[in-house]
Amino acid sequence: MTQAAFPDLRLRRTRRTGWSRAMVRETHLSPANLIWPLFVADGTGKEEPIASLPGVSRWSVDLLVERAKEAVAAGIPCLALFPYTQPDRRSADGGEALNPDNLMCRATAAIKQALGDDIGILTDVALDPYTSHGQDGLIDDAGYVLNDETVEVLVGQALNQARAGADIIAPSDMMDGRIGAIRQALEAEGFGHVQIMSYAAKYASAFYGPFRDAVGSRGLLKGDKKTYQMDPANSEEALREVAQDLAEGADSVMVKPGLPYLDIVRAVKDNFAVPVYAYQVSGEYAMIEAAAAAAAGAGDRDALVLETLLAFRRAGASGVLSYHALHAARLLGA
């Protein structure tokens, strides 16, 4: 890199005014870069605030459609849906995931009926919202999550969601081989147009607690998920996971959590040049909300929200799943 020396070169020149900063800005954030995760609950006309996620609620299907309309108006292109399955519908084998009338399918169908292709629907494929033990897959007598047997159920779950109208299937389970199996099944069933966004680099993180409250699995979870989610110490392994999922037919990949793993986002983008998404997970959201609410004034909420989202984009993320998505989209559109 050849540059002039000071004072011929003054890097502050281009920062002097707002219009100049806009002209040389390297990274841009817009509502089109956001995916809004929403939680679905049983009932009608029902909102259930989630205590550990201030400002986030579970919504009955009818009110979820209204949230989808708000997203369209704000310019958000896609929603990510997660169900709160009632305890009496949970089982060791997660059978409710295959019910064509489950919460996920009803919510997907209702939004697509109301809005069609005005918004995309991304559906989570994993068994933890449906199992009585809180694990993402089937378990043996020792509590170990079984890979191949789980993949068979995940394929059925993915087809169930595709039939309901899902635009993007997002396997978050971290079983080996599930992307290829789901892709083959989608093609065979006439769903070749349905995308797969793989949770390719999903870490066994301490930042997931409030999410487990939201889907009702925290108190049920037996043990941990370290035998299938990634070790936070590993980065090269993440690239192997991404390579495998892309080879099996994933259209895009995800890194989860977000801010603590920006190096992984950048490495994936640099090595594969594919659409890569980051999930700003529940613990990250809760920390921003706690900082903004702190009596000492730890940070301005709007500024914190936009700066963190911009960091994902700067690291190479095509988009971000964020519980702040609607608020951020409205700030960006103001």
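Where is the place of T27? These legends for a predicted model start there and then move on to other spots.

**View 1. T27 sits in the loop between α1 and β1 (34-41).** At 17% relative accessibility, T27 counts as buried, because the cut-off for that label is under 20%. Setting aside residues up to four places away in sequence, T27 touches L310, R313 and R314.

**View 2. Helices α2 and α11 pack against each other, with their axes coming within 9 Å.** Helix α2 covers residues 61-74 and helix α11 residues 325-333, and the axes cross at roughly 30°. That makes α2 roughly parallel to α11, since angles under 35 degrees get that label. The crossing of α2 past α11 is left-handed. On the α2 side, the residues that meet the partner helix are E70, A71 and A74; on the α11 side, they are L326, A329 and R330. Sort the residues of this contact by type and you get four nonpolar, no polar and two charged.

**View 3. The largest nonpolar core holds 75 residues.** Which of its residues touch the most other members? They are L79, L81, I111 and L186. Helix α4 (residues 147-164) is the top contributor to this core, giving seven residues. Apart from it lies another core, made up of 24 residues, including A80, F82, Y277 and V281. As background, nonpolar side chains in soluble globular proteins tend to be buried together.

**View 4. Zooming in on I111, here are its contacts beyond four places in sequence.** I111 touches L64, V65 and A68, and also L79 and L81. G116, I119 and I121 complete the list for I111. Both L79 and L81 also appear, alongside I111, among the residues touching the most other members of the 75-residue core.

**View 5. M104 is a buried residue of the model, found in helix α3 (residues 103-115).** Its relative accessible area is 1%, so M104 falls under the 20% limit for buried residues. Leaving aside neighbours within four places in sequence, M104 is in contact with L81, F82 and P83, with T123 and D124, and with Y130 and Q161. Also worth a look here is the pair M104 and A164: these are 60 residues apart along the chain, yet their C-alpha atoms are separated by 8.6 Å.

**View 6. Two peptide bonds leading into prolines are cis: F6 to P7 and K256 to P257.** For the bond from F6 to P7, omega is near 10°. P7 lies in the segment before α1 (18-24). For the bond from K256 to P257, omega is near -5°. P257 belongs to the loop between β8 (252-256) and α8 (262-272). For context, most peptide bonds are trans.

**View 7. M174 and A273 each have a positive phi without being glycine.** Most residues other than glycine have a negative phi. For M174, phi is near 70°, and the residue is found in the loop between β6 (168-171) and α5 (178-188). For A273, phi is near 50°, and the residue's place is in the loop between α8 and β9 (276-280). Are these residues buried or exposed? M174 counts as buried, at 4% relative accessibility, whereas A273 counts as exposed, at 64%.

Definitions and conventions: Residues are numbered from 1 along each chain as its sequence is written. This is a predicted model: local features need pLDDT of at least 70, side-chain atom pairs count only at pLDDT 80 or more; totals for chains, interfaces and linings use all residues. Side-chain values use heavy atoms; hydrogens and water are left out. Axes are lines fitted to C-alpha atoms, for helices over the stretch in contact, and angles run from 0 to 180 degrees between N-to-C directions. Helices (H or I, at least four residues) and strands (E, at least two) are DSSP runs, numbered from the N terminus. Angles under 35 degrees count as roughly parallel, over 145 as roughly antiparallel, 65 to 115 as roughly perpendicular and the rest as oblique. A crossing is left-handed if the near helix is turned anticlockwise from the far one by less than a right angle, and right-handed if clockwise. Contact means heavy atoms within 4.5 Å. Ala, Val, Leu, Ile, Met, Phe, Trp, Tyr, Cys and Pro count as nonpolar, Asp, Glu, Lys and Arg as charged, and the others, Gly among them, as polar. A nonpolar core is a set of buried Ala, Val, Leu, Ile, Met, Phe, Trp, Tyr and Cys residues joined through side-chain atoms within 4.5 Å. Buried means under 20% relative accessible area, exposed over 50%, partly exposed in between (1.4 Å probe, protein chains only).
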